[in-house]
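Biologist: Please take one part of this model and go through it closely, beginning with how the strands pair and moving on from there to what packs against them.

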Amino acid sequence: MSTTDTNEPCWQLTLTAGDDCLLRPLRIDDADALHAAAMDTVAELRQWFDWCHVDWTTAEALAVVEHNLREQQSGRSYNFVAVDAHGRIVGSTWLNRVDGQHRFCNLGYWVRTPCAGRGIATRAAQQLARWGFDHLGLTRIEIVVDVDNAASHRVATKIGARREGLLRWRLVHHGQPHDAVMYSLLPRDFDGTLR
């Protein structure tokens, strides 16, 4: 992890996610690039995220970015984009639903389809989880994954998250309830080693 100014807000940190990409905070001027990345991945993302659909517009992308930035300013969410060496958005990862009293949150991630299979989501999720423990003082990070989202299950397992059990009808996609699996990371069992 690195930053040029240790006095800047914690969400302004830039995290290294491997030789081929890094994580940086989501910015207001990312709306068009985020839209392009999502549209490149719409077939996969629309299964898991209601906001992403085949007719998703750049105006809707801007609204998502603005919402995420408001959540970030309030400390309820920290949203990063993974960018490649050319500055192109290749995915996103975030800590959201931050509970300051009980010091836990949710970890989410997705990767642009043409960039899948390169370990980007795994490295990004690993880096952001470590950042959450080290800089936010979290004691628990949860990953809630639809039972049918095999790629997200693999990422959770690779970063060392422990499967805790099945949550019946925990997620709703397109108005329909879906079962999910709860994974968790604790500082004591998160050693940063990819599995």
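Modeller: This is a predicted model, and I begin where strand β1 meets β2: the two run antiparallel and are joined by two bridges, with L15 standing opposite L23 in β2. On the other side of this pairing, β2 is joined to β3 by five bridges, again in the antiparallel sense, and here P25 has F80 in β3 as its bridge partner. Strand β2 is mostly covered, since four of its five residues are buried.

These strands belong to an open sheet of eight strands with mixed pairing, in the order β1-β2-β3-β4-β5-β6-β8-β7. The edges are taken by β1, residues 15–16, and β7, residues 162–173; each has a single partner strand, so one side of each is left without a neighbour in the sheet. Further along the order, β4 and β5 pair in the antiparallel sense over seven bridges, and within this pair L95 stands opposite L107 in β5.

Helix α4 packs on the sheet, where it touches β1, β2, β3, β4, β5, β6 and β8, and its direction makes about 35° with that of β4. One residue of helix α4 is W131, which is buried, with a relative accessible area of 0%. W131 also leads back to the start of this account, because L15 and W131, although 116 residues apart in sequence, are 8.3 Å apart in space from C-alpha to C-alpha.

The packing can also be followed through the largest nonpolar core, which has 32 residues, and in which L95, L107, Y109, I141 and I143 touch the most other members. Two or more residues of this core come from each of β2 (21–25), β3 (77–84), β4 (89–99), β5 (104–111), α4 (120–136), β6 (140–146), α5 (150–158) and β8 (176–185). The element that gives the most is α4, with eight residues. For a view from a single member, I143 touches N106, L107, Y109, A156, I159, A161, V181, M182 and Y183, leaving aside residues up to four places away in sequence. Apart from this core lies another, of 19 residues, among them A31, F49, W56 and V65.

V65 brings in helix α3, where the buried residues are A61, V65, N68, L69, E71 and Q72. They cover an arc of only 160° around the axis, which puts them on the same side of α3. What covers these buried residues includes α1 (31–39) and β3, whereas the face of α3 turned away from its buried side carries the exposed residues A59, R70 and Q73. Helix α3 itself spans residues 58–74, and its 17 residues reach 24 Å from the first C-alpha to the last, close to the 24 Å expected at 1.5 Å a residue. After α3 comes G75, whose phi is positive, near 80°.

Read together, the strand β3 is a point where several of these descriptions meet: β3 is joined to β2 by five bridges, gives two or more residues to the largest nonpolar core, is touched by α4, and is included in what covers the buried residues of α3.

Key. Residues are numbered from 1 along each chain as its sequence is written. This is a predicted model: local features need pLDDT of at least 70, side-chain atom pairs count only at pLDDT 80 or more; totals for chains, interfaces and linings use all residues. Side-chain values use heavy atoms; hydrogens and water are left out. A nonpolar core is a set of buried Ala, Val, Leu, Ile, Met, Phe, Trp, Tyr and Cys residues joined through side-chain atoms within 4.5 Å. Buried means under 20% relative accessible area, exposed over 50%, partly exposed in between (1.4 Å probe, protein chains only). Contact means heavy atoms within 4.5 Å. Two strands pair if DSSP finds at least two bridges between them. Axes are lines fitted to C-alpha atoms, for helices over the stretch in contact, and angles run from 0 to 180 degrees between N-to-C directions. The expected span of a helix is 1.5 Å times one less than its number of residues. The arc is that of the directions from the helix axis to the C-beta atoms.
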